[in-house]
Amino acid sequence: MSYAVKEVFLTLQGEGVNAGRRAVFVRFAGCNLWSGREADRAAAVCRFCDTDFVGADGAGGGRFADAASLAGTVGSHWGDAEDARFVVLTGGEPMLQVDDALVDALHAAGFTIAIESNGTLPVHIGVDWVCISPKAGSKTVQRSGDELKLVWPQPGSDVAAMESWNFANFLIQPLDDGDAEANRDAAVAFVLGRPKWRLSLQTHKLLGLR
Ligand code: SF4
C-alpha cells in the first residue's frame, strides 16, 4: 500500500521515557479524532491538538508508493550511524496506515520502532515501543504497552480505569494551551496525589526543537 506522510525529520524525542533520544520522526497524515481543519475543531472528539497533520506537504513528507521507499527515506534521515537506530511513528494517528510491510521494512533497515497513538485502534504487534495517549470521549482499545501518556487536565478521563491497564509507565503531560502555567501546576498536583504516575514535559519545545 502507499503511505501519506506529512513530514519526516531527525530530532531528539522530547517526551516520555525516551526523552532525549535521537530519533527520526515520521508524521503520518490524517487522524480519526479530528479532521485537522480549524472549522471542525469545536465538533471534534479531540479538540486540543497542537499538530499540523493535514496533507503530505511538509519537509521530508510526501506520498510514498510502498514501504521500501518510506523506510529508505527514514534511513536517509538517520544517516550512516549503524547503532541505536530509532524511528517514532506519529501523526495524526499512525495506526490508520502502519502495516506489516512497513514494520518489516523498518526492521530490515535496523530500526527500533516506537509509536505514538491515540489508542483507538490496535497497535501493530511488531512495534517495539508502544506509547498510547488516550483522549476523553474516545474508546481506548489498546490498553497495554510501554507508556500511557495522559495529557492533563483532560475532563472526562477515567483515571482509575486507566490505572488498571497494562502499561509499564504511567505519564502525565501538561496540556500546552493558553493556560500552560495552570496546566503545569495541575499536572504536578496530579502526580503528587497519584504516585503511580510520573511527570512528562515536552522538552523539545523548551529546546526549540521540532
Ligand atoms: S488524537 Fe492526536 S493527532 Fe488526533 S487530533 Fe488528537 S492530539 Fe491530534
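Biologist: In which loop is Ala84 found?
Modeller: Ala84 is in the loop between helix H2 (67-78) and E4. Keep in mind that this is a predicted model.

Biologist: What makes phi of Ala84 worth a mention?
Modeller: Phi is near 60 degrees there, a positive value, and Ala84 is a residue other than glycine.

Biologist: On to the peptide bonds. Which residue does a cis peptide bond join to Gly91, and what is omega?
Modeller: Gly92 is the partner, and omega is about 10 degrees. You'll find Gly92 in the loop between E4 and H3. Another cis bond joins Trp152 and Pro153, with omega about 0 degrees. Pro153 lies in the loop between strand E7 (144-152) and helix H4 (159-162).

Biologist: Why do Gly92 and Lys135 count among the residues that surround the ligand?
Modeller: The cut-off is a heavy atom within 4 Å of the ligand, so each residue that surrounds the ligand has one that close. The others are Cys31, Leu33, Trp34, Cys46, Cys49, Phe53 and Asn118.

Biologist: What classes make up that shell?
Modeller: Six nonpolar, two polar and one charged residues. Gly92 is in the shell, and Gly counts as polar, so Gly92 goes into the polar class. And the space the ligand takes up is the largest pocket.

Biologist: Now the sheet. Which strands are called edge strands, and why?
Modeller: Nine strands form an open sheet with mixed pairing, in the order E3-E1-E2-E4-E5-E6-E7-E8-E9. Strand E3 (62-64) and strand E9 (197-199) each pair on one side only, and that makes them the edge strands. On average, neighbouring strands are turned by 30 degrees against each other, direction ignored.

Biologist: How do you know that E1 and E2 pair?
Modeller: Pairing takes at least two bridges, and seven join strand E1 (residues 3-12) to strand E2 (residues 22-28), so they pair. The two run antiparallel, and Phe9 stands opposite Phe25 in E2.

Biologist: What lies across E1 and E2?
Modeller: Helix H3 (residues 100-108) does, and it also lies across strand E4 (86-90) and strand E5 (112-117). H3 runs at about 140 degrees to E5.

Biologist: Last one: what does Gly145 touch, leaving out residues up to four places away in sequence?
Modeller: Gly145, which lies in strand E7, touches Val130, Asn166, Phe167 and Ala168. Touching here means heavy atoms within 4.5 Å, so each of those residues passes that test with Gly145. Val130 is 15 residues away from Gly145 in sequence, yet their C-alpha atoms are 5.0 Å apart in space.

Terms used:
Residues are numbered from 1 along each chain as its sequence is written. This is a predicted model: local features need pLDDT of at least 70, side-chain atom pairs count only at pLDDT 80 or more; totals for chains, interfaces and linings use all residues. Side-chain values use heavy atoms; hydrogens and water are left out. On a 1 Å grid over the protein atoms alone, a cavity is a set of points where a 1.4 Å probe fits but cannot get out, and a pocket is an open set with protein on both sides within 12 Å along at least five of seven lines; lining residues have an atom within 4 Å of a point. A molecule sits in a cavity or pocket if more than half of its atoms lie within 2 Å of its grid points. Helices (H or I, at least four residues) and strands (E, at least two) are DSSP runs, numbered from the N terminus. Axes are lines fitted to C-alpha atoms, for helices over the stretch in contact, and angles run from 0 to 180 degrees between N-to-C directions.
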